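Visitor: I am new to this structure and would like a short tour of its bound ligands. Where shall we begin?

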Amino acid sequence: MEINTLKVESSLWIGNKRYRAALSAWYFSWTELDKKNREKKTVSVRVSEVIGVEDGRVEIQPQKKVEDTDRDFTLFYVKRSGRGSGQGVLWSLGRTQFSCPSRDLRDQWVTQVRTALKTHSPARPHRLLVFINPFGGKRRGKQIFHSLVAPLFELAGISSHVVVTERANQARDHILKKDLTGFDGVVCVGGDGMFSELLHGVIGRTQQEAGLSEHDPSGVLQPCDLHIGIIPAGSTDCVCFATVGVNDPVTSALHIIIGDSQPLDVCAVHHQSSLVRYSVSLVGYGFYGDVLAESERHRWMGPLRYDYSGCMMYLCNRSYQGTVQFLLADPGLSSPRDKTRCLSGCRVCSESTERLFPLSDSCSLYSDKLSQYSDQSEGEWMSVSGRFKCISLTCMSSSCPKSPLGLSPSAHLADGTGDLILVRDTNALGFLTYLHRHTTSQDQFDLPFVEVHRVKAVKFTLPPGEDSGEAEKYERSEQNTEEEEEEAVMEHPDKPCVHESSKSGSLQHLACTAKERGAPGKRKTSDFLCGLCCSKPPAVSVWNCDGEILPHTEISCRVHGQLVRLYARGIEDEARAVGLCEDSRDCKGKCVLHSR
Ligand SMILES: CCCCCCCCCCCCC/C=C/[C@@H](O)[C@H](CO)NC(=O)CCCCCCCCCCCCCCC
Ligand SMILES: Nc1ncnc2c1ncn2[C@@H]1O[C@H](COP(=O)(O)OP(=O)(O)OP(=O)(O)O)[C@@H](O)[C@H]1O
Ligand SMILES: [Ca+2]
């Protein structure tokens with residue numbers, strides 16, 4: 001065996017085939033040799049993607065089995081196994097058992113691989129704090145963690161402290177208040193709601209420790225060092241999907257183990273001078289707010305509640321008035337319609353890191369954390385007023401299984417901006433076309449009633465005279481439906497349904513009079529839709545903030561570039577990962593991911 005600081009090399013056997021194996025700072029590779037010592041196929045594994053090495057012949061799936069033979073060792077590593085249902089690459093645990101000519105050589109290989117991991121893959125977590133929501137998604141969080149993730153963490157030598165939550169906000173409060181010494185990161189097993197708890201905990205804790213207030217709408221926030229990992233086990237899993245490209249627990253566990261690090265923009269939502277919530281995905285008013293509010297009444301349906309409520313709210317054909325003001329991002333850097341995708345190693349995001357943290361270097365990324373806003377001129381505020389089907393602000397693409405390219409397919413995970421999508425009032429067919437384009441590769445912004453802007457900040461105000469009775473008012477108007485309906489029948493039996501008289505209402509099948517609809521108590525199930533839609537539609541909607549309803553209508557939002565870091569690497573371009581596409585921008589559309 002040849003050993004020097006950078007290279008280890010020897011002959012090894014896999015089954016009855018002979019190989020020349022080599023370990024360098026970057027790769028562990030093995031090349032098959034024929035009887036005449038001619039080289040055949042080579043397999044290379046990046047050292048950064050080695051999960052672990054064990055003495056003997058070891059299996060961990062479906063159960064751990066160890067055959068402690070003297071001359072063997074087993075290498076575990078990341079194996080790319082196709083594209084799954086998303087845009088990214090599914091990872092699984094690769095395993096190869098090597099036989100050495102002597103025990104001594106076996107021990108040297110094991111020691112050298114472990115040394116290479118420590119030296120050349122130093123950002124891996126050693127200790128993690130894991131929160132499992134036993135009720136998220138299909139209620140499989142505990143099973144997913146214990147059967148799929150824990151064995152991988154154990155193999156990689158990661159110790160995890162597991163908290164199975166007993167109430168909402170327990171994970172957030174734990175991070176805000178408990179001693180976190182020794183933890184390299186926090187992990188949630190659940191959906192976007194659980195991620196949001198960790199996000200609020202980590203940002204809040206970091207600001208507390210830095211002595212900064214979260215309430216100043218124009219204040220600077222301290223970027224967070226504690227990494228967040230997501231093991232997807234929720235209903236939408238949008239954050240996982242948009243940052244990894246698939247929602248697969250094993251893929252996410254492997255990204256956590258190898259210590260991948262993906263910075264993420266965060267939007268802070270304020271009402272007057274207080275912080276309301278943070279968002280990384282959707283801050284949405286109108287349709288998406290209504291869908292969420294409606295879905296909360298049907299939690300028992302599980303993940304299907306969104307489809308059901310989506311159909312209901314679509315049929316209600318509502319729109320809302322308001323004024324949206326926004327601060328444009330530098331159009332010279334990128335555009336929401338430039339047809340690019342933010343992929344692993346994205347140039348726009350890397351250049352943003354340099355711009356946001358100008359004095360940073362690889363050793364101290366946040367050495368000048370607060371300088372990011374010092375030279376930033378605010379720019380000019382633009383304003384758009386009118387009636388909207390929906391208003392969406394998204395800091396990332398917000399791709400998810402329902403919409404594989406997302407709300408804004410060219411949005412960037414870490415460029416310090418968000419995409420503001422304004423969908424003006426239109427007829428039902430127009431809005432259906434807009435929604436449907438989220439499920440195909442057709443451009444959803446190429447519609448006359450849709451506009452999209454890349455922004456740094458947004459403000460929303462209601463029309464003058466429309467008092468901002470806030471979200472409770474919306475709730476009341478929804479709850480009072482039955483009483484109001486009863487009154488309508490008694491007082492105005494022939495009053496037409498709002499859709500019948502509505503200018504844009506193409507939902508003629510819903511047109512009916514109050515008398516035809518009948519009093520709520522006597523209504524047939526088939527009348528339910530009319531009950532939902534034909535009561536006086538609320539003049540004010542609610543804001544959906546990453547799946548939570550906000551308690552205020554008039555809000556201001558500001559994007560904080562790269563405020564948190566996830567154990568992820570962005571969406572891997574499969575072609576690039578296997579060496580077909582070296583540059584995500586220069587593949588000339590030949591690879592699958594850039595052919596859109
Ligand atoms: C004709 C088919 C149209 C399909 C349209 C699909 C559009 C899908 C767009 C998904 C956008 C997800 C944005 C991410 C939001 C997350 O931060 C948040 C937290 O998890 N999720 C939700 O708020 C949960 C929000 C979930 C929204 C689901 C909306 C479903 C709409 C279905 C409309 C069907 C109309 C059919 C008419 C006959
Ligand atoms: N033990 C618990 N009991 C009740 N609620 C909880 C508990 N633990 C966490 N929660 C809350 O449940 C909400 C939903 O959880 P989660 O995001 O994991 O699953 P989900 O139903 O799939 O939601 P999403 O649609 O956001 O993906 C979260 O907002 C979280 O605060
Ligand atoms: Ca962004």
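Guide: One definition helps at the outset: a residue counts as buried when its relative accessible area is under 20%. Please also keep in mind that this is a predicted model.

Visitor: Is Asp415 buried or exposed, then?

Guide: Asp415 is buried, because its relative accessible area is 5%. Thr417 counts as buried too, at 9% relative accessibility.

Visitor: Which residues are the protein donors of the calcium ion?

Guide: The calcium ion, ligand 3, has as its protein donors Asp265 (OD), Cys395 (O), His412 (O), Asp415 (OD) and Thr417 (O). They lie 2.3 to 2.5 Å from the ion.

Visitor: How are those donor residues spaced in sequence?

Guide: Their spacing is D-x129-C-x16-H-x2-D-x1-T.

Visitor: Let us change topic. Which residues come nearest to ligand 1?

Guide: There are 19 residues around ligand 1, and Asp192, Thr236, Ser281, Tyr314 and Asn544 come nearest. A polar side-chain atom of Asp192 lies 2.6 Å from an oxygen atom of the ligand. For the side chain of Asn544, an N or O atom is 2.8 Å from an oxygen atom of ligand 1.

Visitor: How much of ligand 1 does the protein bury?

Guide: The protein buries 86% of the 850 Å² that ligand 1 exposes when taken alone.

Visitor: Which elements give two or more residues to that shell?

Guide: They are α8 (305-316) and α10 (428-436). The largest share, four residues, comes from α8. By class, the shell around ligand 1 holds ten nonpolar, seven polar and two charged residues.

Visitor: And ligand 2, which residues are closest there?

Guide: Ligand 2 is surrounded by 22 residues, the closest being Thr165, Gly191, Gly193, Glu197 and Ser235. A polar backbone atom of Ser235 is 2.4 Å from an oxygen atom of ligand 2, while a polar side-chain atom of Thr165 lies 2.8 Å from a nitrogen atom of the ligand.

Visitor: What gives the most to the shell around ligand 2?

Guide: That is α4, with four residues. α4 (192-210) and α8 each supply at least two residues. The shell around ligand 2 has four nonpolar, eleven polar and seven charged residues.

Visitor: Where does ligand 2 lie with respect to the domains?

Guide: Ligand 2 lies between domain 2 (126-260) and domain 3 (266-478 + 492-559), because both give residues to its shell. For ligand 1, the shell draws at least three residues from each of domain 2 and domain 3.

Methods. Residues are numbered from 1 along each chain as its sequence is written. Chains are lettered from A and ligands numbered from 1 in the order in which they are written. This is a predicted model: local features need pLDDT of at least 70, side-chain atom pairs count only at pLDDT 80 or more; totals for chains, interfaces and linings use all residues. Side-chain values use heavy atoms; hydrogens and water are left out. Donors are N, O and S atoms within 2.8 Å of the metal (3.2 Å for Na, K and Ca); water is not among the atoms, so sites may look incomplete. Buried means under 20% relative accessible area, exposed over 50%, partly exposed in between (1.4 Å probe, protein chains only). A residue is near a molecule or strand if one of its heavy atoms lies within 4 Å of it. A polar contact is a pair of N or O atoms within 3.5 Å; within protein, one must be able to donate a hydrogen and the other to accept it, and residues adjacent in sequence count only if both atoms are side-chain atoms. Accessible areas come from the Shrake-Rupley method with a 1.4 Å probe; for residues, only the protein chains shown count as cover. Ala, Val, Leu, Ile, Met, Phe, Trp, Tyr, Cys and Pro count as nonpolar, Asp, Glu, Lys and Arg as charged, and the others, Gly among them, as polar. Domain bounds come from an automatic or database domain assignment.
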